[in-house]
Amino acid sequence: MPNVNDDIEANPIFTRPGEATSYPANRIPQNESLPSTAYQVVHDQSMLDGNARLNLATFVGTWMDDEATKLYVEAADKNMVDKDEYPATAAVETTCVKMVAAMWNAKDPDNTIGTSTIGSSEAAMLGGLAMKRKWSNARKAAGKSTEKPNLVLSSAVQVCWEKFCNYFEVEARFVPISLEHKVLDGYELEKYVDENTIGVVCIMGVTYTGMYEPVKEVSAKLDQIQKDTGLDIPIHVDGASGGFIAPFCQPDLEWDFRVDRVVSINTSGHKYGLVYPGLGWVVWRDKEACPDDLIFYVSYLGGSEATLALNFSRPGSQVLLQYYLFLRLGYEGYTRVQSNSRSVAMYLAEEIGKMEPFELWNDGSDIPVFAWYLKDSASKNWSLYDLADRLRLKGWLIPAYPMPDDLADLTVQRIVVRNGLSHDLATKLLGDIKDDVAFLQKLDGPMPRDAATTHQFAH
Ligand SMILES: Cc1ncc(COP(=O)(O)O)c(C=O)c1O
């Protein structure tokens with residue numbers, strides 16, 4: 001018998017030490033392992049995750065083509081912050097910022113300022129910080145207090161905005177959504193803003209439901225408020241998802257730098273920008289919109305490069321992947337991919353809307369995301385959490401969750417359609433939903449309720 005403690009490559013893989021015995025929990029093991037053993041253990045543990053392609057909860061990219069994967073591996077060792085050492089990657093980042101600025105109809109894309117980030121959360125925080133600094137600089141210049149900044153936003157904002165307000169000590173003034181005002185649309189905005197308002201956030205693609213907030217209408221309301229009160233309040237657009245959908249699917253919709261009040265926009269390269277996780281973008285309408293005192297200058301090719309970020313090190317590969325996709329797809333390709341996702345979303349929404357117990361919240365025609373809820377008349381024997389659990393048994397990850405505070409009694413279920421959910425796969429999903437709904441409708445008593453069937457989905 002060979003000694004299993006000898007690290008002999010020929011040991012049958014699942015009988016080697018490490019595979020045959022378990023590693024210590026929560027402690028770094030004392031001894032080395034063969035790379036293939038350690039690989040196999042990590043690989044096998046991650047098999048217990050859900051299937052990323054069937055994860056219809058996430059907005060974040062789960063598929064890229066082979067050339068992108070090749071580039072990803074080639075560039076995995078590049079740190080985005082090493083601009084002096086990787087000037088070509090730094091130049092690609094600058095090019096991408098201008099491309100994104102042009103995509104969002106900046107008047108002079110070459111005179112904009114922006115940066116890649118680790119995601120929309122960092123990008124949104126930079127946008128928020130710039131508005132706060134602009135406001136406080138103006139207040140200081142006028143000899144006024146800068147003690148109590150506030151930000152006005154929908155109660156359905158993504159958690160990154162709550163973090164921004166908490167971390168950077170800004171009062172969050174939430175405008176509640178309701179069945180009459182499903183998004184922040186300017187209704188009663190005058191009650192929320194005052195001289196301490198650093199800005200209003202409009203969301204292009206609300207996380208809970210996928211709906212667009214009407215930026216132009218909100219801006220018109222702020223014009224009226226300015227006329228009445230003299231307050232000149234800027235808008236930051238959180239285009240985490242919509243920033244890469246609207247330019248292709250609704251090019252005539254004015255929500256971006258065509259609206260004068262929009263000073264900055266963030267998006268996630270890793271959502272509908274179609275890159276793997278780890279990339280966001282923020283762009284200001286022009287250099288004046290971003291206060292100079294937030295910018296750090298680093299040495300770059302003997303010159304000086306402006307940087308603006310919360311993180312220091314982060315992957316450079318994602319930026320190269322974004323550039324690859326801009327070249328690979330162009331406007332035509334992006335339009336084709338996004339329109340296809342939108343048409344799959346609208347198809348699914350229509351079919352789900354026809355099912356007896358359901359009422360649609362929206363139809364997937366803004367970003368390819370939609371949500372539905374149970375009609376009042378639906379059976380009380382089951383909930384959308386039960387449907388989510390049954391779909392999970394088949395591999396589909398489709399979360400149910402309560403709406404934000406003022407509508408918290410309403411539970412919705414949401415599907416995010418991304419590149420990779422084909423019409424064919426969507427048809428299979430519909431079949432599974434129909435089967436599970438039929439099963440639940442036949443129940444002659446309530447499903448048992450415990451914490452597991454009412455778990456919270458975190459946005
Ligand atoms: C509207 C909105 N803003 C911000 C974010 C945060 O984005 P990220 O995950 O890229 O940090 C999300 C994520 O879903 C979002 O939907």
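Here is a short tour of a predicted model, with something to select at each stop.

**Stop 1: the two domains.** Colour residues 68-325 as domain 1 and residues 340-440 as domain 2. Their C-alpha centres sit 30 Å apart. Now look at where they touch: 16 residues of domain 1 are in contact with 16 residues of domain 2. On the domain 1 side of that contact, you'll find nine nonpolar residues, seven polar ones and no charged ones.

**Stop 2: the ligand.** Select the ligand and show the 15 residues around it. Which of them come nearest? They are Gly119, Ser120, Ser121, Thr207 and Ala240. Try colouring the shell by class: nine residues are polar, five are nonpolar and one is charged. Helix H4, residues 120-141, gives the largest share of this shell, with three residues.

**Stop 3: helix H4 and its partner.** Keep H4 on screen and add helix H5, residues 159-167. When two helices pack, people describe them by the angle between their axes and the distance between those axes. For H4 and H5, the angle is about 45 degrees and the axes are 9 Å apart. Angles from 35 up to 65 degrees fall in the oblique class, so H4 and H5 are oblique to each other. Rotate the view a bit and follow how H4 passes H5: the crossing is right-handed.

**Stop 4: the contact itself.** Show side chains for Ser120, Ser121, Ala124, Met125 and Gly128 in H4, which meet Cys160, Trp161 and Phe164 in H5. This contact is made of five nonpolar and three polar residues, with no charged ones. Spot Ser120 and Ser121 here: they're also among the residues that come nearest to the ligand.

Technical notes:
Residues numbered from 1 in each chain as written. Predicted model: local features only at pLDDT ≥ 70, side-chain atom pairs only at ≥ 80, totals over all residues. Near = placed C-beta within 6 Å. Helix = DSSP H or I, 4+ residues; strand = E, 2+ residues; numbered from the N terminus. Nonpolar A, V, L, I, M, F, W, Y, C, P; charged D, E, K, R; others polar. Axes fitted to C-alpha atoms, helices over the stretch in contact; angles between N-to-C directions. Parallel < 35°, antiparallel > 145°, perpendicular 65-115°, else oblique. Left-handed = near helix turned anticlockwise from the far one by under 90°. Contact = placed C-beta atoms within 7 Å. Domains from an automatic or database assignment.
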